[in-house]
Amino acid sequence: MAFLEVKNLKKSFGETKVLHGIDFSMERGEAVALIGASGGGKTTFLRCLNFLEMADEGTITIDGGFSFDAEREYKSSQIREMCLQMGLVFQSFNLFPQYTALQNVYIPLHLRSKERIKAKYPFGKQRRQKIAEALEKDKARALELLSDVGLSAKANNYPCQLSGGQQQRVAIARALAENPAVLCFDEPTSALDPELTDEVLRVIRELKDKGCTLLIVTHEMDFAEHACDRVVFFADGRIEEQGTPEEVFHNPKSPKTAAFLRRSHED
Ligand SMILES: Nc1ncnc2c1ncn2[C@@H]1O[C@H](COP(=O)(O)OP(=O)(O)OP(=O)(O)O)[C@@H](O)[C@H]1O
Ligand SMILES: [Mg+2]
């Protein structure tokens with residue numbers, strides 16, 4: 001079984017059928033680019049994989065163990081646990097403006113540490129001590145993650161004091177904090193100027209070199225071709241074609257893929 005295995009994933013919004021039964025898998029450490037025309041369902045697919053939307057049908061299995069089945073009912077606490085298996089970086093960064101870069105990374109991490117400690121130590125001094133210890137640990141981890149994305153010096157800056165590229169790198173550090181099995185990106189650079197795009201793509205490339213499993217929706221065809229192991233072309237809620245960058249970009253089998261690539265070349 002693959003590291004991430006998705007079977008027959010379907011999703012509709014009212015009468016609008018968006019995903020028509022997606023079968024998809026990824027190996028550990030693989031970097032996959034997801035490309036396709038606007039409205040094809042790429043974001044919906046990532047949101048279903050991250051349990052921000054619940055698929056109507058299908059299954060998602062991560063690392064042969066954890067498994068989601070649309071047929072089953074889940075409690076909100078189970079959905080929260082499922083969300084932690086996957087990470088998602090949004091186009092629009094989605095940082096908390098009232099928190100510094102460091103706080104943006106450690107606060108979500110620390111909230112979950114606190115939940116775990118409270119469940120184990122219901123009252124008293126020991127609980128307070130454990131929470132204080134966890135706070136130091138979570139801050140140290142956040143600083144390490146900020147350093148990994150080249151932002152140690154900006155830890156105490158607020159989002160409004162950071163460039164778009166720096167904000168996106170904070171968002172990447174935050175998404176990495178829980179060690180997700182797969183880190184997904186939804187057009188991580190499309191809100192950025194070209195010079196800021198490069199610094200974000202460099203960080204994503206470094207994550208790949210470190211062995212992270214990455215699924216990246218992108219319009220950066222150069223990046224998809226040169227930094228990813230596999231390219232998946234999505235059209236009208238289906239996987240139309242997939243293969244190595246060489247196969248998809250230089251020898252597309254589907255006329256829809258060829259037409260999409262021609263159009264994106266002209267833009
Ligand atoms: N919450 C929602 N409610 C209703 N319809 C939705 C919702 N989210 C997405 N859709 C519809 O689902 C379809 C696919 O949208 P989606 O955002 O997944 O496409 P996309 O491939 O990410 O497009 P883009 O490249 O423009 O980001 C669209 O027709 C969209 O209008
Ligand atoms: Mg989208």
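**Exercise 1. Is Asp236 buried, partly exposed or exposed, and how many other C-beta atoms lie within 10 Å?**

Keep in mind that we're working with a predicted model.

- Step 1: Find the residue. Asp236 sits in the loop between β9 (230-235) and β10 (238-243).
- Step 2: Take the count. There are 15 other C-beta atoms within 10 Å of Asp236.
- Step 3: Apply the cut-offs. Buried needs 20 or more such atoms and exposed needs 12 or fewer, so Asp236, with its 15, is partly exposed.
- Step 4: Glance at the backbone too. Asp236 has a phi near 50°, which is a positive value in a residue other than glycine.

**Exercise 2. Work out what joins β4 to β5, and describe the residue with positive phi in the turn.**

- Step 1: Look at the pairing. β4 and β5 run antiparallel and share 4 bridges. Thr61, for one, stands opposite Ser67 in β5.
- Step 2: Look at the connection. The two strands make a hairpin, with 3 residues between them.
- Step 3: Pick out the residue. Asp63 lies in the loop from β4 (57-62) to β5 (66-69), and its phi is near 55°, again positive in a residue other than glycine.
- Step 4: Check its surroundings. Asp63 has 16 other C-beta atoms within 10 Å, so it's partly exposed.

**Exercise 3. Trace the open sheet that has 6 strands, and name its edges.**

- Step 1: Recall the basics. Strands of a sheet pair through backbone hydrogen bonds, and they can do so parallel or antiparallel.
- Step 2: Read off the order. Going across, you meet β6-β7-β8-β3-β9-β10, and the pairing is mixed.
- Step 3: Find the edges. β6 (86-89) and β10 each pair on one side only, so these are the edge strands.
- Step 4: Add the twist, which averages 20° from one strand to the next.
- Step 5: Zoom in on the β6 edge. β6 runs parallel to β7 (residues 182-186), and 4 bridges join the two. Within this pair, Gly87 has Leu183 in β7 as its bridge partner.
- Step 6: See what covers this part. Helix α5 (residues 164-176) lies across β6 and β7, and its direction is at about 170° to β6.

**Exercise 4. Describe how α5 packs against α6.**

- Step 1: Decide what to report. Two packed helices are described by the angle between their axes and the distance between the axes.
- Step 2: Get both values. The axes of α5 and α6 (residues 194-209) come within 8 Å, crossing at roughly 20°.
- Step 3: Classify the angle. Anything under 35 degrees counts as roughly parallel, and therefore α5 and α6 are roughly parallel to each other.
- Step 4: Give the hand. The crossing of α5 past α6 is right-handed.
- Step 5: List the contacts. On the α5 side you'll find Gly164, Gly165, Gln168, Arg169 and Ile172; they meet Leu196, Glu199, Val200 and Val203 in α6.

**Exercise 5. Now zoom out: how many helices and strands does the protein chain have, and how compact is the chain?**

- Step 1: Count the elements. The chain has 9 helices and 10 strands.
- Step 2: Compare the radii. The radius of gyration is 19 Å, close to the 18 Å given by the globule rule for 267 residues, so the chain is as compact as a globular protein of that length.
- Step 3: Box it in. Along the principal axes, the C-alpha atoms fill roughly 65 × 45 × 35 Å.
- Step 4: Look inside. Of the 267 residues, 38% are buried.
- Step 5: Check the contact range. Taking contacts between residues at least 6 apart in sequence, 65% join residues at least 24 apart.

Terms used: Residues numbered from 1 in each chain as written. Chains lettered and ligands numbered in written order. Predicted model: local features only at pLDDT ≥ 70, side-chain atom pairs only at ≥ 80, totals over all residues. Axes fitted to C-alpha atoms, helices over the stretch in contact; angles between N-to-C directions. Contact = placed C-beta atoms within 7 Å. Rg over C-alpha atoms; globule rule 2.2 N^0.38 Å. Parallel < 35°, antiparallel > 145°, perpendicular 65-115°, else oblique. Left-handed = near helix turned anticlockwise from the far one by under 90°.
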